[in-house]
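Subject: Structure handover, with notes on its open and enclosed spaces

Dear colleague,

I am passing on the structure we spoke of, with my notes set out beneath it. Please keep it open beside the text as you read.

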Amino acid sequence: MPNFAVRVRMCARTAFVMEQFFRTHDYLIEHLQASVRRDLMDEIDWSSRMIGIKGTRGVGKTTFLLQYAKEKFGRDRSCLYINMNNFYFQGRGIAEFAGEFHRIGGRVLLIDQVFKHPDWSSELRKCHDMYPDLKIVFTGSSVMRLKEENPELNGIVSSYNLRGFSFREFMNLKAGTAVRAYRLDEILNGHQRIAREILSQVRPLEYFQDYLHHGFYPFFLQQRNYSENLLKTMNMMMEVDILLIKQIDLKYLSRIKKLFYLMASSGTQAPNVSQLAAETDTSRATVMNYIKYLADARLINMVYAKGDSFPKKPSRVLMHNSNLIYTIYPPRQDRQDIIDTFFVNAMWKDHVVHKGLKGWSFLVDGSCSFKVAVCEGKTRQQPDSFYAVDGLDIGHDNVIPLWMFGLLY
């Protein structure tokens, strides 16, 4: 048992460390620049004791945490933001730090990039069991499987996903509008009325191409080269999110990157797994695992025929969002690929997308057939069938402007 003088020094050192974290927290809150308040802020049940916020790298998880802290607590020291990138946590447990924070009146601990701590899931479990009046909100990669791969968190963590900007959020920011989100059934049944209401305020097509090119990731707000920034983010997704979390040896990174490039530059058809295996010098099974990891990292979307799922080969592989298409060099800017990618990405949040039946692009929620088209051509009427058409301001009957599906969140 340390003597009194030692205990005093230990307490003083702990107080000094805490003060440094609070200073960082205060600085970040004071200099926070969040132009858009994400709807997820109101969707989360903040009464939960442990909340996990997942999302692909670059969509603004750090900003979201700080925005929550600023909105709900200001500079109240019962809330503290920490980042596991801080070297202080090398060799120190999250639970130990949480205990020190709790002892000085801490009630809400915001932990950014929790997966950077090697024992993060067991440490979070300790926090939950040891400090029942401490709320923890943490961010993690989309690659993480919180409950499937971390059984100690089953039943104690509420998980949410933060996505990149929707077209609606991008347009509202650029045009200064306040267009709300619409459910899919609202769009399908009332798209003409909705379009007229929006067109009375703004012409969405004036912003649509900019969104397809650079509107998904919030760092378009920064005064930096968007493509270079996105390239760095894509590399970090593979180098950190996939390799670190899936514990893949660094020597295989080049194969994952090559596989991604081969799929990105070859269009949106079904992958030729045998050819990809030969070109990346690996097995078919490994190629399929890598494809799954790329999908988990939100670099690609896999679209299956209804009734099929992984580990079967997908019917189509698309980039996760259209911004990624423009960043691959040389860019494969096939308009059909771009608008298909936009449509699937917009649907992905709340709906299940399968490969369409004969003559249709996609089947949504197992019942609605969609044809995504560059221009309005010959259409046909049948139950639960719709056309999502590029370049239209307003539609008619079952013909809906493509941009309207960007209002789903």
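The notes below take the pockets, then one helix, and then the enclosed cavities.

Please bear in mind throughout that this is a predicted model.

The largest pocket holds about 870 Å³ of space, and among the 33 residues that line it, those closest to its centre are Gly-58, Gly-60, Thr-63, Phe-219 and Gln-222. Helix H3 (61–72), strand S4 (135–141) and helix H9 each supply at least two residues of that lining, which by class is made up of 10 nonpolar, 16 polar and 7 charged residues.

The second largest pocket has about 670 Å³ of space and a lining of 32 residues, with Arg-145, Ala-295, Arg-298, Asn-301 and Trp-348 lying nearest its centre. Two or more lining residues come from each of helix H2 (40–43), strand S5 (158–161), H12, S6 and strand S8 (353–355), and of these it is S6 that gives the most, with 4 residues. By class, the lining of the second largest pocket comprises 13 nonpolar, 10 polar and 9 charged residues.

Since H12 contributes to the lining of the second largest pocket, I looked at that helix in its own right. Helix H12 covers residues 284–296, and its 13 residues reach 19 Å from the first C-alpha to the last, close to the 18 Å expected at 1.5 Å a residue. Its buried residues are Val-287, Met-288, Tyr-290, Ile-291, Leu-294, Ala-295 and Asp-296, and what covers them includes helix H9 (226–246), helix H10 (253–264), helix H11 (273–279) and strand S6 (300–303). Ala-295 is thus one of the buried residues of H12 and is also among the residues nearest the centre of the second largest pocket. Arg-298, another of those nearest that centre, follows H12 and has a positive phi, near 65°.

Turning to the enclosed spaces, the structure holds 3 cavities of 30 Å³ or more, and the largest cavity contains about 90 Å³ of space. H10, strand S7 (316–319) and helix H14 (335–347) are the elements that give two or more residues to the lining of the largest cavity, with S7 giving the most, at 3 residues. Among the residues of this lining are Met-263, Ala-264, Val-317, Leu-318, Met-319, Arg-332 and Asp-337, and by class the lining has 7 nonpolar, 3 polar and 2 charged residues.

With best wishes

Technical notes:
Residues numbered from 1 in each chain as written. Predicted model: local features only at pLDDT ≥ 70, side-chain atom pairs only at ≥ 80, totals over all residues. Heavy atoms only, no water. Expected span 1.5 Å × (residues − 1). Buried < 20%, exposed > 50% of the residue type's maximum accessible area, 1.4 Å probe, protein only. Contact = heavy atoms within 4.5 Å. 1 Å grid on protein atoms, 1.4 Å probe; cavity = no way out; pocket = protein on both sides within 12 Å on 5 of 7 lines; lining within 4 Å. Points joined across faces, edges and corners; volume = space filled by probe spheres on them. Nonpolar A, V, L, I, M, F, W, Y, C, P; charged D, E, K, R; others polar.
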